[in-house]
Structure formats: C-alpha cells, structure tokens
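I opened this entry to record what I looked up about pockets and one helix. My notes follow the order in which I consulted the structure.

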Amino acid sequence: MTDIDDIRITRLAERPSLGARVDEIAETWPVFTAHEPVVGALLSRVLVDFPEYCVVATDGDRIVARGLAVPFDAAGEGRAAAPDQGWDRVLGWAFEDRRHGRAPTVASALEITVDTGYLGRRLSYRMLAALRDAAVRQGHDVLMAPVRPTAKHLEPRVPMAEYVGRRRADGLPADPWLRVHVKAGGTIERIAPASMTVSGSLAQWRRWTGLPFDRDGDVEVPGALTPVHCDTAQDHAVYVEPNVWVRHGLRPRPAGERRAAGG
C-alpha cells in the first residue's frame, strides 16, 4: 500500500489534463444527488473555469481524490458568505459573478471526494489543507465550506441543529467530517437549511433508489441526510438537504509570493 505521504496533491491549474479524469474515483455519493439541477448545469464547469481553486490527488497515475472550490462576491445586495441555500447558491453566484466580471470576496469549497480505497488514511485532511492553500494563493483570507456531515445519513430524522451540537468528551464535533474541519482550524458558523434540493416524479425516485415511493409522507432513503417527502397525489417527491457552514480563516500570502507561486 502506498504511503500516504507519497500521494501527490496539486492544483488542477498545474495539471489541467487531469480534469477529464476526476470522475474515475470510486465514490459513495448517493445516486440521487447527481440529479440535482445545479449539479447537472454547473458542477462540471467548475474544473474548467476555476482550476486554480480545485485540487487533485494522485497515487502514481491513479486519481485518488478531488477537491472543488469556487470564488464569489459575498458583499453584493442580497448576498452572504453563508447563505441559507448553501451549496446551490454559492455555485450559482460564482458563475454569475464570472459572467459579469465581479471581483470575488470569498472562496467556498464545494466538495472533497476521496476514493473508497483510500478512506481512513487521513487523505481528507491533506485535501482540505490543499483547498485552503489554493484559496490563499488567490489572495483570499476566508474559505467557506457547506459541509455535508458524513454520519448524518445514519440519523435522517434528527434535526441538523441537534446533530451538529453533539460533542465528544474532548469538545470536538461527534461527526467525523465536521471534526476534520474543526481540527483544521474551521469554525462552525450556522446551518444551511436548504443547501441542495432534488425533486422528481415518483417513477424517477423509484429508479434512483429502488424504493416503492407508494405512500404519502417522509421516506428514509439510504445516503440522504433527511427524509424525502413523497406526495402520491401530485406524483412527486422532494429532498431538501441541510448542510453546515464552516468558516476557515486564512492568512493570505504577500502579493509577490503569490506571483512567484503562480497564483
């Protein structure tokens, strides 16, 4: 097994040819998340339009992790660094700002995905550090993250606020992924109650999950952080996923150092 220190992590801007291969990772994202409208419309463009904010990890020629982030202007009217709509909102803002030439004020992580064969080896810590460094290289002093707690799906009916409040004896969050962020220097800011929304017909949800979706009410779906609401009369089901905003304060590099580093 490769030593974790031998895994190479670089910004995608330095190795753009890897952008077309980041989906080679064996991952555990629930199938239904791929049918979220913003994911389908914009996520694939992040690697092309914001490669300086994205990072990729390789073990030899094999891609073993990816980290995606985008910059956006949090200072405009109706904007916030930690909006209620979380993941969806900041991704949309990033592309809107790029189109209109608005200068970003903050960077936001979108995801860190580690190959299932490399889980439990602290690679997520290094990937988070690499995303933080990529944001620093672009002159940011803050990296936000709409975090998807990794163990929340085991308790979908527990309110996110209650779940986030759980602590271990050492005071760190009980959730493993929130704990990584806090140990890296992040601060839990607030809940993003509607960070991602997936809706579809009952037939679609049956295909995505293999579940019957034949009764009104909340349906627990494997991988979902909250139940999916099913309405048989209207023939649709809706999943609204909460995330947790974590703020990472960064120390920007001097301008000359950023230029030397290619940032």
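I began with the second largest pocket, where helix 1 gives the most to the lining, with 5 residues. I noted that the model is a predicted one. Helix 1 (37-49), strand 3 (62-72) and strand 4 each supply at least two lining residues here. I then asked which residues lie nearest the centre of this pocket. They are D23, V39, L43, R66 and E111, out of 22 lining residues. By class I found 14 nonpolar, 3 polar and 5 charged residues in this lining. The space in the second largest pocket comes to about 420 Å³.

I turned next to the largest pocket, which holds about 850 Å³ of space. I recorded 36 lining residues, with T28, I112, R148, T150 and W177 nearest the centre. Strand 4 provides the largest share of this lining, 6 residues. At least two residues each come from strand 4 (106-114), helix 3, strand 5 (142-147), helix 5 (176-183) and strand 9 (236-249). The class count I entered is 20 nonpolar, 10 polar and 6 charged.

As helix 3 contributes to the largest pocket, I examined that helix separately. Helix 3 covers residues 123-137 and reaches 21 Å from its first C-alpha to its last, close to the 21 Å expected. Is helix 3 mostly covered or mostly uncovered? I found it mostly covered, with 11 of its 15 residues buried. Among the buried residues are M127, L131, R132 and R137. Finally, I noted that G139 follows helix 3 and has a positive phi, near 90 degrees.

Technical notes:
Residues are numbered from 1 along each chain as its sequence is written. This is a predicted model: local features need pLDDT of at least 70, side-chain atom pairs count only at pLDDT 80 or more; totals for chains, interfaces and linings use all residues. Side-chain values use heavy atoms; hydrogens and water are left out. Helices (H or I, at least four residues) and strands (E, at least two) are DSSP runs, numbered from the N terminus. The expected span of a helix is 1.5 Å times one less than its number of residues. Buried means under 20% relative accessible area, exposed over 50%, partly exposed in between (1.4 Å probe, protein chains only). On a 1 Å grid over the protein atoms alone, a cavity is a set of points where a 1.4 Å probe fits but cannot get out, and a pocket is an open set with protein on both sides within 12 Å along at least five of seven lines; lining residues have an atom within 4 Å of a point. Grid points are joined across faces, edges and corners, and a volume is the space filled by probe spheres set on the points. Ala, Val, Leu, Ile, Met, Phe, Trp, Tyr, Cys and Pro count as nonpolar, Asp, Glu, Lys and Arg as charged, and the others, Gly among them, as polar.
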